[in-house]
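Please open the model in your viewer and keep the selection panel at hand. The stops below are meant to be taken in order.

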There are 2 protein chains.
Amino acid sequence: MAEAKKNTKEHLIDSAGELFAQDGFEGVSTRMIAEKAGVKVSAIHYHFGSKEKLYTESLTRAVEYDSCADFAMVIAENPALLETPVGRAEIIRTTVFRTFYDNFREDTPDWMRQIIVQGIMKPSSVFSDFLETVLKPDVDAARRLYLAARPGADEVQIAAWLDILHSQILLYSVAKEALEVLRGEGSMDTEFYRGVARVVARAMILELELPLPVDLEQ
Amino acid sequence: MAEAKKNTKEHLIDSAGELFAQDGFEGVSTRMIAEKAGVKVSAIHYHFGSKEKLYTESLTRAVEYDSCADFAMVIAENPALLETPVGRAEIIRTTVFRTFYDNFREDTPDWMRQIIVQGIMKPSSVFSDFLETVLKPDVDAARRLYLAARPGADEVQIAAWLDILHSQILLYSVAKEALEVLRGEGSMDTEFYRGVARVVARAMILELELPLPVDLEQ
DNA sequence: GTCTATAGCATGATAGAC
DNA sequence: GTCTATCATGCTATAGAC
């Protein structure tokens, strides 16, 4: 509403994304989307052909926006860090903070996080691509790091360790509303996420028995 | 189908729960539920009055089944453990293993986990009760433990630490299908969850800088 | 307590004027 | 490219026979 009138197509993707993220594909009608976007229902079919194609378009937009492969990136930027315990701890610290920052900085629309989570819960064809091209390289990078620090670790251990980070991102993407009921309105701000990143980084570094960077001590 | 014919009402709750958990409230029609349960649509209205009341009934069933308040219980069973570092580590170890066991033992239907998660994502009145009566006491118990080990810790730190456990439970409840695509069919069995519980317990104990129980070393 | 039949409505999609 | 008007379908829910 308050935003300047972009072209109808973009506006429809935004409006639809917001609604789909909140109520799921079947929970939203084309009429609701059209009303929110301030256009008529037929505009949806003119621009996208069907409700389903509009959904796919919104999901694709969100997936493209989400980089997410942070371990791989941090290691690529400075591979030498893999060689020493201090370097490995540094990789973890940087990755965790960057992941929380990327996911929860305030200019990322909430719906992009939520619609991705819905895709995870009910995988579709769009999503297999996401898993293969975005997530898998990151898992591989994390595996290399873990094995460098702890040779002979098994796959379950590595997966569980990496999931400490990913599951926390998932939780705050999905359960924000419920957690604010529990912990107070507005309690989940930038400050909160920075505090959480600290704890998660500490836990992951210490689980691997690496030396704690000074700024993460107690 | 394969199960012995219980009474129609129970059968409807099971069938509906399974479908609602997978596709959400709006994603499921009364026709689908009736067909799955092998009865006619009107039976739903006879027994429950409406689709919504059937949904509430399924959700309530799942919430009642889910104990979840494990920290509170473990501490109540042996409050003396709170007094020493070794005891505190023991509380964490026991709670984490018990939580994973309770949530993922094989006689718990998948749909009960999933429908609760959907309740978290889109909180309703049924769910406020769940948060207040089930989750809150557990959070309080965890806070007492954390402060005993690290006096002066702030609320964010405590929340983030407790969420290491809760978020991992959420992840495996929600993303099982997607993760099996990534890690291989059937990879998420009892063995897997035990391995994960080990890593999570290690991470939570070490983040609090408590001594590691011998069976959790390396 | 379970069935058939159907009312009453909202949905996704299309046709055609402008 | 956007509108109005309309279609066919599928939905929840109810009425009434058995």
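The tour goes from the two domains of one chain to the protein surface around a DNA strand.

This is a predicted model, in which local features need pLDDT of at least 70 and side-chain atom pairs count only at pLDDT 80 or more, whereas totals for chains, interfaces and linings use all residues. Residues are numbered from 1 along each chain as its sequence is written, chains are lettered from A and ligands numbered from 1 in the order in which they are written, and side-chain values use heavy atoms, with hydrogens and water left out.

Begin by colouring domain 1 (8–62) and domain 2 (67–216) of chain A separately, the bounds coming from an automatic or database domain assignment; their C-alpha centres lie 30 Å apart.

Next, select the boundary, where 15 residues of domain 1 of chain A are in contact with nine of domain 2 of chain A (heavy atoms within 4.5 Å). The two domains bury about 1000 Å² between them, 73% of it on carbon and sulfur atoms (accessible area, 1.4 Å probe, lost on being put together and summed over both parts). On the side of domain 1 of chain A, show A:Ala21, A:Leu59 and A:Ala62, which lose the most area to domain 2 of chain A and together make up 50% of what that side buries.

Now move to DNA strand D and display A:Thr8, A:Ser42, A:His47, B:Thr30 and B:Arg31, which come nearest among the 14 residues around the strand (a heavy atom within 4 Å). Sugar and phosphate account for 61% of the strand D atoms that come within 4 Å of the protein.

Finally, zoom in on A:Ser42, where a side-chain N or O atom is 3.2 Å from a base nitrogen of DNA strand D, and then on A:His47, where such an atom is 2.7 Å from a phosphate oxygen of the strand.

Conventions: A polar contact is a pair of N or O atoms within 3.5 Å; within protein, one must be able to donate a hydrogen and the other to accept it, and residues adjacent in sequence count only if both atoms are side-chain atoms.
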